[in-house]
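Thanks for coming, everyone. Please bring the structure up on the screen, and we will walk through its charged pairs and then its core.

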Amino acid sequence: MPGSVTIGHAEALVALSHVDAERLAMVLREMSSMMEKPGPEQLSDAQVMALSEGRPQHRGELTEWCRSLSEYLKTHL
């Protein structure tokens, strides 16, 4: 599929269209920014916990994961 992104291991693959991969990268970049920047637009601790499926998640770790995955996707598009 030209312009698509395939992510996964030999057992399972996930395919995204190029447009969806670009959008996902943008959403992840914005999420990392909203977790990192102080102020009224910063995600609350409760929101960050909800994004972590209720597990206590370190804000910095999730921020870095979002940023790194966003950069990885953008690099490989």
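Start with Glu36. Is this residue buried or exposed? Glu36 is partly exposed, and its relative accessible area is 46%. One caution before we go on: this is a predicted model.

Now find the partner. The side chain of Glu36 forms a salt bridge with that of Arg67, at 3.2 Å from N to O. Look at where the two sit. Glu36 belongs to helix H1, residues 18-36. Arg67 belongs to helix H3, residues 59-75. The two are 31 residues apart, so this pair links distant parts of the chain. Arg67 is partly exposed too, with 24% relative accessibility.

Stay on Arg67. Which other residue does its side chain meet in a salt bridge? That is Glu64, at 3.5 Å, again N to O. This pair stays inside one helix. Arg67 and Glu64 both lie in H3, 3 residues apart, which is about one turn of the helix. Glu64 has a relative accessible area of 39%, and that makes Glu64 partly exposed. Put the pieces together: Glu36, Glu64 and Arg67 are linked in a network of salt bridges.

How many salt bridges does the structure hold? There are 3. We still owe you Arg59 with Asp45. Their side chains meet at 2.7 Å, N to O. Arg59 lies in helix H3, while Asp45 lies in helix H2, residues 45-51, so the pair ties together parts that are 14 residues apart in sequence. And Asp45? At 59% relative accessibility, Asp45 is exposed.

Next, the nonpolar side. Which residues make up the largest nonpolar core? The list has 8 residues: Ala25, Leu28, Met35, Leu43, Val48, Leu62, Cys66 and Leu73. Two elements, H1 and H3, each give two or more residues to this core.

Pick out Ala25 from that core. Leaving aside residues up to four places away in sequence, Ala25 touches Ser70, Leu73 and Lys74. Leu73 is itself a member of the core.

To recap. H1 and H3 come up twice. They are joined by the Glu36 and Arg67 pair, and they each give two or more residues to the largest nonpolar core. H2 is tied to H3 through Asp45 and Arg59. That is the tour.

Technical notes. Residues numbered from 1 in each chain as written. Predicted model: local features only at pLDDT ≥ 70, side-chain atom pairs only at ≥ 80, totals over all residues. Heavy atoms only, no water. Salt bridge = Lys/Arg side-chain N within 4 Å of Asp/Glu carboxyl O. Helix = DSSP H or I, 4+ residues; strand = E, 2+ residues; numbered from the N terminus. Buried < 20%, exposed > 50% of the residue type's maximum accessible area, 1.4 Å probe, protein only. Core = buried A, V, L, I, M, F, W, Y, C linked by side-chain atoms within 4.5 Å. Contact = heavy atoms within 4.5 Å.
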